Every structure is written in C-alpha cells, then in structure tokens.
Amino acid sequence: MASPTEQFEIRHYTGPLFHLGDSPITFTNSALFMVLAVGAIAAFLAIATAPRSIVPGRWQNLGELLYEFVANTVRQSAGKDGMVFFPLVFSLFTFVLAANLWGLMPYSFTVTSHIIVTAALSLLVIFTVIGYGFAKHGAKFLKVFVPSGVPMWLLPLIVAIEVVSFVSRPVSLSVRLFANMLAGHIALKIFAGFVAALLTGGIFAVLSPLPLAFTVALTALEVLVAVLQAYVFAVLTSLYLHDALHPGH
C-alpha cells in the first residue's frame, strides 16, 4: 500500500527558472494546481459575465449567486464599510474553494494541504489589516488592543492578551485550513487503500464493500469540508478586516 502522505509530495516539473538568493525556483505540481485554480475561476467568471442579460441564464445566475453570497458574508461580518475589501475576500474565497475542489480530483494535488500556502494567504490578510488600519487611523489603530471600559489596573494584562490574540490570528487561520484538508485526504487515502488491498486478498474480497462505503461517505464529507473551509476562511477574513475599519471595541 502506498504511503498516505505520498500525495502531498512536491514534484518539480522543470529545472531552476531563476534563483531567489541561493534557492532555485522551479515549476512544481503545487504551482501547476494554483495556476489551474486561478484558470478555472477566470474561465467561470468569463462565462458567467459574458451574457449580461436582464434575465440571467444558468451560468450568469450561478455567477450572481456567488457574488451575492460573498457580498452578504462581507456585509454581515465586516459591515457595509467592509465592502471596500470585497475584491480581496472574493478572490480568497474563490481561490481556496477552487484549490480545495481541485484537490479532490483523482491524481490531482491539494494546494491547501501545505502550510506554506495557507500561511501565505493568512499573512496577506493580516498585513492588509495592519496596513489599512494604520493608513486610515494612524496611531489610533492601536485601540484594537485596548477594549473600552477596562479598568486601568487591568489594562496591561488585557493589552497583552489582545496582542497575543492578534498575533495568533494568522496561525489559527492557516492551520485550520491546512489541517482539515491534510487530515481528510489522508483518511481518504487510507480507506481507498483498504479497498484495493481487500480486492486482491482472495477470500477477504467480500469485505471490500465496507471500506468502499466509508470511502464514498468520506468523499462526500470532503466536498462539504472543502466548501465549508473556504467559507470559514472568508468569514474570518471579513471579521479580521472589520478591525481595520473599526479598531475600537
């Protein structure tokens, strides 16, 4: 039986394209599926927005539903002012969703199962919060660490807790997505391996429907998790961006 972690190995398709310091930069399977995810999103949006009919067709209707879904998520989590960040949240949601779903295809690669990818997305969110917060509010952005109504004698402890909580945001945001996709794919690989092993195990082949049923159920669950994790990423991003707009508690 192949190792369940083999599916997460980075494979190099080209030699060094250029060097970043001493590190060679190559085109890998991770890069390929990120390009495919972006290409799938671009193709879908091009098809969905091409007609621009008053009475939308199926593709246009699906595109409008996606737009409204993300827009409502931003409004509910970051407020109406948060729509300034709609392009960022929409891009992150569709990319994570497309990358998650691509990873469920046979012989594909799950980009979001690598912590370096999810960490990069999380850091993009946090640096946007910090950059926009200071650009709009200046030093008043630091009020995000000072909840209102806290007694002065308790303020140092609360500020320390708020700083730790703020710094931990990109960690929790990236690890949540990475861990869910990694664990789900490992479980799928293990149960699929059981099916293959039992089918070649002679008399034990009669037991193969059991792990097969688990595999089918896990696949359905993984589709749900893929969509849910993209939604959670978008909601948390919107909540964090709310602090950039309204740093006071």
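The buried residues of helix α1 are covered by elements that include α2, α3 and α4. The model is predicted. Those buried residues are N29, S30, A31, F33, A37, I41, F44 and A48. In sequence, α1 runs over residues 29–49, and α2 over residues 58–78.

**The α1–α2 contact**

The axes of α1 and α2 lie 7 Å apart, and the two helices pack at an angle of about 115 degrees. Their crossing is left-handed. On the α1 side, F44, I47 and A48 take part. On the α2 side, the partners are W59, Q60, L62, G63 and L66. By type, the residues of this contact comprise six nonpolar, two polar and no charged. F44 and A48 are also among the buried residues of α1.

**Helix spans**

Two helices can be set against the span expected at 1.5 Å a residue.

| Helix | Residues | End-to-end C-alpha distance | Expected span |
|---|---|---|---|
| α1 | 21 residues | 30 Å | 30 Å |
| α3 | 17 residues | 24 Å | 24 Å |

For α3, the distance between the end C-alpha atoms agrees with the expectation. For α1, the reach is close to the expected value.

**Helix α3 and T94**

How much of α3 is buried? Of its 17 residues, 13 are buried, so the helix is largely enclosed by the rest of the structure. T94 lies in this helix, which covers residues 86–102. T94 has a relative accessibility of 8%; the cut-off for buried is under 20%, so T94 counts as buried. Beyond its neighbours within four places in sequence, T94 is in contact with I41 and L66. I41 is one of the buried residues of α1. L66 belongs to the α2 side of the α1–α2 contact.

**Nonpolar cores**

In soluble globular proteins, nonpolar side chains tend to be buried together. Here, the largest nonpolar core holds 40 residues. Which of them touch the most other members? They are V70, F93, V129, F233 and Y240. Elements giving two or more residues to this core are α1, α2, α3, α4 (115–137), α5 (155–199) and α6 (209–245). The most comes from α3, with ten residues.

Y240 touches V125, I126, V129, R169, S172 and L173, leaving out residues up to four places away in sequence. V129 is, like Y240, one of the core members with the most contacts to other members.

Apart from the largest core lies another, of five residues. Its members include F33, A99, F109 and V117. F33 is also listed among the buried residues of α1.

Key. Residues are numbered from 1 along each chain as its sequence is written. This is a predicted model: local features need pLDDT of at least 70, side-chain atom pairs count only at pLDDT 80 or more; totals for chains, interfaces and linings use all residues. Side-chain values use heavy atoms; hydrogens and water are left out. Axes are lines fitted to C-alpha atoms, for helices over the stretch in contact, and angles run from 0 to 180 degrees between N-to-C directions. Helices (H or I, at least four residues) and strands (E, at least two) are DSSP runs, numbered from the N terminus. A crossing is left-handed if the near helix is turned anticlockwise from the far one by less than a right angle, and right-handed if clockwise. Contact means heavy atoms within 4.5 Å. Ala, Val, Leu, Ile, Met, Phe, Trp, Tyr, Cys and Pro count as nonpolar, Asp, Glu, Lys and Arg as charged, and the others, Gly among them, as polar. Buried means under 20% relative accessible area, exposed over 50%, partly exposed in between (1.4 Å probe, protein chains only). A nonpolar core is a set of buried Ala, Val, Leu, Ile, Met, Phe, Trp, Tyr and Cys residues joined through side-chain atoms within 4.5 Å. The expected span of a helix is 1.5 Å times one less than its number of residues.
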